[in-house]
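Hi,

Here is the structure I promised to pass on. Have a look at it first, and my notes on what turned up follow underneath.

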Amino acid sequence: MGWIIAGIVAAALLGGLIAMLKITVPISKNVYNEQLVRTDTQKWGRVCSCPENEEQQAMWDAGCEWAEGNKDYKREVHIVNDGLNLYGEFYRFNDSGKCVIILPGRCECLKYSYYFAPAYKQAGYNVLVIDTRAHGNSDGIYNTIGAKESGDVLAWIKLLETEFSIDSIYLHTICVGTSTGLLALTNKECPDSVKGIVTEGCFVSFRETFKRHMLELNRPLFPVLDLVMYQIRKHTGTNLRKTAPIKLVSKVHQRVLFLFGEKDVFSIPEKSRILFKKCGSDDKKIVWFDKGGHSHLRINNTEKYDKAIVDFLNDGE
């Protein structure tokens, strides 16, 4: 009798699981396509990603104003990597051989990156802003959370070295751009010309930060969160466990400047301190900001933000 009851219970649970998956699998596909797939050519174009957010629009406007004021230094650049046409803009301010590559977060094109350029120009660096694959004018469909984007960065580095005689490179990364940057830095093919990384809003893993985004939106986590992670693996081949920043930072030997916000609800301070502690660099620094949300530190702390970068770069000379 006990086996019969157990069988009935198991059948009921299995039936419930199947019914739940019939509902949640399509939901996870929709979430994945909305957040991580360029479903049409207009998506993630060279426009402000969130104009309804006053700070985001203000950052966009300030960045575009910076680009307009420096247009005489601009050169359009293009590479082909992994069969994709990738586009960028190189701002040559001097012949120092120094340059920063700015890697924006998810949904953002190269115009968003303008906003973070002033500190680097002040420090005597040239600036390369890029449309990451599937963003702006670049080809591509999928955001691979840095797995394939990091190979694109290595190709951009090669262009800087061969075409512009750049021999000292830093990466400035925001949110998901950090995953790309860390994967590039820890790649065995990363050249010695890459001296370090400045990272804002680095997260321990994409699953962790995506979970916090879902919680912020009051979305149910189970089982949609893990189904979205499955969609990433299925469509891009990205192993999110192996590419998680918490797995990568211990392998970093270049210089690192972590920029973190005390009020960041996606890259929370508790986890951020763990990242800093685990970082393998002998030359690492952490700067905290008490104002500003995720990816919005500079607009709330402009002078302190830029000074932190300039001081860090100068210390490495």
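**What I found**

Let's start with a loop: Pro223 sits in the stretch between H7 and helix H8 (224-236). A cis peptide bond joins this proline to Phe222, with omega at about -5 degrees. Before going on, please keep in mind that this is a predicted model.

**Salt bridges**

Helix H7 (residues 206-216) itself holds a charged pair, Arg212 and Glu208, which lie four residues apart, about one turn of the helix. They form a salt bridge, and the closest N and O atoms are 2.6 Å apart. Glu208 counts as buried because its relative accessibility is 11%, and the cut-off for buried is under 20%.

In total, the count of salt bridges comes to 16. As background, side chains of opposite charge can pair when their charged atoms come close.

Another one to look up is Arg46 with Asp131, where the closest N and O atoms are 2.7 Å apart. This pair links distant parts of the chain, 85 residues apart: Arg46 is in the loop between helix H1 (2-36) and helix H2 (54-69), and Asp131 is in the loop between strand E4 (126-130) and helix H5 (149-164). Are the two partners buried or exposed? Asp131 is buried, with a relative accessible area of 0%, whereas Arg46 is partly exposed at 21%.

The H1-H2 loop also contains Cys50. With a relative accessible area of 23%, Cys50 is partly exposed. If you want a distance to try out in your viewer, take Cys50 and Val176: they are 126 residues apart in sequence, and their C-alpha atoms are 17 Å apart in space.

Then there is a pair that bridges two strands. Glu89 forms a salt bridge with Lys74, and here the closest N and O atoms are 3.9 Å apart. Glu89 belongs to strand E2 (residues 84-91) and Lys74 to strand E1 (residues 74-81), with their positions 15 residues apart in the chain. Glu89 is buried, at a relative accessible area of 2%, while Lys74 is partly exposed at 35%. The pair is also part of a network of salt bridges that links Lys74, Glu76 and Glu89.

Between E1 and E2 you will find a loop with Asp82 in it. Its backbone is worth a look: phi of Asp82 is near 55 degrees, a positive value in a residue other than glycine. Asp82 counts as exposed because its relative accessible area is 52%, and the cut-off for exposed is over 50%.

**A positive patch and a two-sided helix**

Which residues gather in a patch of positive charge on the surface? They are Arg241, Lys247, Lys251, Lys277 and Lys278. One of them, Lys251, is in the loop between helix H9 (245-248) and strand E7 (255-261). Lys251 is exposed, with a relative accessible area of 54%.

Lys277 from that patch takes us to helix H10. In H10 (residues 269-278), Pro269, Ser272 and Leu275 are buried. These three are on the same side of H10, because they cover an arc of only 110 degrees around the axis. The other side of H10 has Glu270 and Lys277, which are exposed.

**Towards the end of the chain**

The loop between strand E8 (284-289) and helix H11 (297-300) includes Lys291. Lys291 is partly exposed, with a relative accessible area of 44%. Its C-alpha atom is 9.1 Å from that of Asp264, although the two residues are 27 residues apart along the chain.

Ser295 is in the E8-H11 loop too. Phi of Ser295 is near 65 degrees, again a positive value in a residue other than glycine. Ser295 is buried, with a relative accessible area of 11%.

**One more residue**

Finally, Ile102 is part of strand E3 (residues 98-103). Is Ile102 buried or exposed? Ile102 counts as buried because its relative accessibility is 0%. From Ile102 to Ala147 is 45 residues in sequence and 17 Å in space, C-alpha to C-alpha.

That's everything from my side. Happy browsing!

Definitions and conventions: Residues are numbered from 1 along each chain as its sequence is written. This is a predicted model: local features need pLDDT of at least 70, side-chain atom pairs count only at pLDDT 80 or more; totals for chains, interfaces and linings use all residues. Side-chain values use heavy atoms; hydrogens and water are left out. A salt bridge is a side-chain nitrogen of Lys or Arg within 4 Å of a carboxyl oxygen of Asp or Glu. Buried means under 20% relative accessible area, exposed over 50%, partly exposed in between (1.4 Å probe, protein chains only). Patches are made of residues with over 30% relative accessible area and no salt bridge: like charges are joined within 9 Å, nonpolar side chains (Val, Leu, Ile, Met, Phe, Trp, Tyr) within 5 Å. Accessible areas come from the Shrake-Rupley method with a 1.4 Å probe; for residues, only the protein chains shown count as cover. Lys and Arg count as positive and Asp and Glu as negative; His and the chain ends are not counted. The place of a charge is taken as NZ of Lys, CZ of Arg, CG of Asp or CD of Glu. The arc is that of the directions from the helix axis to the C-beta atoms.
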